[in-house]
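Keep the sequence and the model at hand while reading. The paragraphs below go from one residue to its surroundings, and then to other parts of the chain.

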Amino acid sequence: MKKTVVNICRMILALTFILSGFVKAVDPLGTQYKIHDYLTAMGLGSLAHDMLTLPAAVLLAAAEFIIGICLLFAIRRRLVSKVVLVLMLIMTPLTLWLALTDPISDCGCFGDALVLTNWQTFWKNIVLLGAAVIVWKAPTLQPRLIGESNQWIVVNYSVVFILFIIAGRSLYTLPQFDFRPYHIGADLRAEWLRMMDGEESPLADFFIERADDGEDITEAVLNDSSYTFLLVAPHLEQADDSQLDELNRVYEYSLDNNYPFYCLTASTGTAISRWCDMTGAEYPFCNTDDITLKTVIRSNPGLVLLHDGVVIRKWSHNALPTDEALTKRLEDSELGQLPTETVTSKILWVLTWFVLPLMLLTIADRLWAWTRWVRSGKKQRGSQPEASEARSTPTTEDNNNPN
């Protein structure tokens with residue numbers, strides 16, 4: 001019974017840490033924004049610099065994921081159980097403070113994939129703390145899924161996967177999984193109409209106002225039955241300018257095909273003028289809330305394509321449409337259609353490149369351990385007759401002994 005309880009607690013902790021680390025790694029910028037909120041709420045806004053918060057976001061995600069993997073495979077059981085207990089002893093009082101003072105709306109434990117209130121987070125941590133105490137008291141009752149000699153493979157492969165394949169790819173392009181209300185396939189017009197009717201909508205803070213005259217063109221943009229390009233740059237002062245030629249090329253393509261093109265930013269007129277002088281930009285600028293823009297796309301700048309109010313495509317500034325993709329009108333090209341890649345196919349990709357290799361390694365390790373055990377048993381059984389014969393055959397010393 002004790003072993004069963006310990007391993008139930010172990011699995012709860014393992015799955016929680018793996019999920020929490022994975023969704024944070026999928027969206028490192030979102031995790032960075034949440035760390036910034038935490039530091040600001042604690043009066044440590046001076047530490048909320050991108051050079052500190054972004055590496056911290058990636059390392060936090062990787063640490064949670066690796067701890068979960070170690071719990072799942074029972075790797076370094078005593079050490080990991082102590083680390084988990086210490087973490088929960090730190091996080092539980094912190095989340096109690098969040099619940100009592102409510103300085104931020106949610107803890108961000110599971111990113112945008114699962115939003116919990118501060119009180120829900122606190123009670124969740126109470127359960128995890130109890131589980132951590134139980135695992136810490138009896139770490140050796142956790143059966144290993146893989147032999148000690150191969151545990152380094154599991155850890156190293158998990159580190160490479162979460163740091164480079166997930167977090168690194170998400171930073172360079174865009175998150176593989178988008179849990180925000182502006183994901184590809186989202187009907188922004190339908191959400192906007194709900195808000196106009198007084199209903200609750202995730203687009204409550206979404207608006208588009210011309211920077212030159214303040215005209216609100218939100219409804220016009222969302223109701224446009226054609227295609228519309230939105231260049232999203234929350235702060236032009238911090239925008240990456242390495243792909244200016246590519247951006248201007250997309251703008252020229254929109255002009256040639258009569259597709260509206262707007263740059264949405266929260267920057268001031270001075271910053272807009274500086275950007276135009278630096279880049280030669282001639283597209284119209286519009287003002288939008290900076291938090292909303294950071295939610296729309298995790299790239300500064302990033303490009304969004306709307307069709308009839310629906311988000312059709314998103315591109316990071318590192319992966320803009322190629323020349324070959326812009327040779328046809330969007331109505332006649334694959335670029336103007338929703339991607340064929342689905343959430344299911346993305347999950348299968350993760351299963352194929354992470355879960356399956358570890359499963360195969362575990363099976364191979366267990367088969368090898370079983371084979372060694374069988375060979376050892378046969379060797380012991382084969383040596384028993386010889387030992388019995390040796391015991392029954394008198395030695396020279398026995399023959400010379402008169403007793």
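**A serine and its surroundings**

Beyond the residues within four places of it in sequence, S254 contacts F229, Y259 and F261. The model is a predicted one. S254 belongs to helix α9, which covers residues 244-256. Its relative accessibility is 1%, so S254 counts as buried, the cut-off being under 20%. L330 is 76 residues away from S254 in sequence, yet the two C-alpha atoms are 9.8 Å apart in space.

The three contacts of S254, namely F229, Y259 and F261, also appear in an aromatic cluster made up of Y227, F229, Y251, Y253, Y259, F261, Y283 and F285. In the structure there are 18 aromatic pairs. One of them joins Y251 and Y283: the ring centres are 5.4 Å apart and the planes stand at 80°, which makes the pair edge-to-face because planes over 60 degrees apart are classed that way. What does this pair tie together? Y251 is in helix α9, whereas Y283 is in the loop between α10 (269-279) and β4 (285-287), so the pair links parts that are 32 residues apart in sequence. Both Y251 and Y283 are buried.

Y253 and Y259 make another aromatic pair, with 6.1 Å from centre to centre and 45° between the planes, and this pair is tilted. Y253 has a relative accessible area of 7% and is therefore buried. Y259 has a value of 3%, so Y259 is buried as well.

**The cysteines**

A disulfide is a covalent bond that links the sulfur atoms of two cysteines. How many disulfides does the structure hold? It holds one, and the bond runs between C107 and C109, with 2.3 Å from S to S. C107 and C109 are both buried.

Why is C70 not bonded to another cysteine? The closest cysteine sulfur to that of C70 belongs to C9 and lies 18 Å away, which is too far for a bond, since a disulfide needs the two sulfur atoms within 2.5 Å. C70 has a relative accessible area of 10% and so is buried. C276 is likewise in no disulfide, and the nearest cysteine sulfur, that of C263, is at 8.3 Å.

The disulfide residues also meet a helix residue. T121 is located in helix α5, residues 118-137. Leaving out residues up to four places away in sequence, T121 touches T95, C107, C109 and L116. The relative accessible area of T121 is 1%, so T121 is buried.

**Charges over rings, and a pocket**

Two basic side chains are placed over aromatic rings. The charged end of R169 sits over the ring of W349, at 5.2 Å from the ring centre. For K294, the ring is that of Y33, and the charged end sits over it at 4.9 Å from the centre.

The second largest pocket holds about 870 Å³ of space. Its lining consists of 28 residues, and those nearest the centre are P175, Q176, I184, E341 and K346. Which elements each supply at least two residues of that lining? Strand β6 (310-316) and helix α12 (343-392) each do so.

Definitions and conventions: Residues numbered from 1 in each chain as written. Predicted model: local features only at pLDDT ≥ 70, side-chain atom pairs only at ≥ 80, totals over all residues. Heavy atoms only, no water. Helix = DSSP H or I, 4+ residues; strand = E, 2+ residues; numbered from the N terminus. Buried < 20%, exposed > 50% of the residue type's maximum accessible area, 1.4 Å probe, protein only. Contact = heavy atoms within 4.5 Å. Phe/Tyr/Trp six-rings, centres within 6.5 Å; stacked < 30°, edge-to-face > 60°. Lys NZ or Arg CZ within 6 Å of the ring centre and 35° of its normal. 1 Å grid on protein atoms, 1.4 Å probe; cavity = no way out; pocket = protein on both sides within 12 Å on 5 of 7 lines; lining within 4 Å. Points joined across faces, edges and corners; volume = space filled by probe spheres on them.
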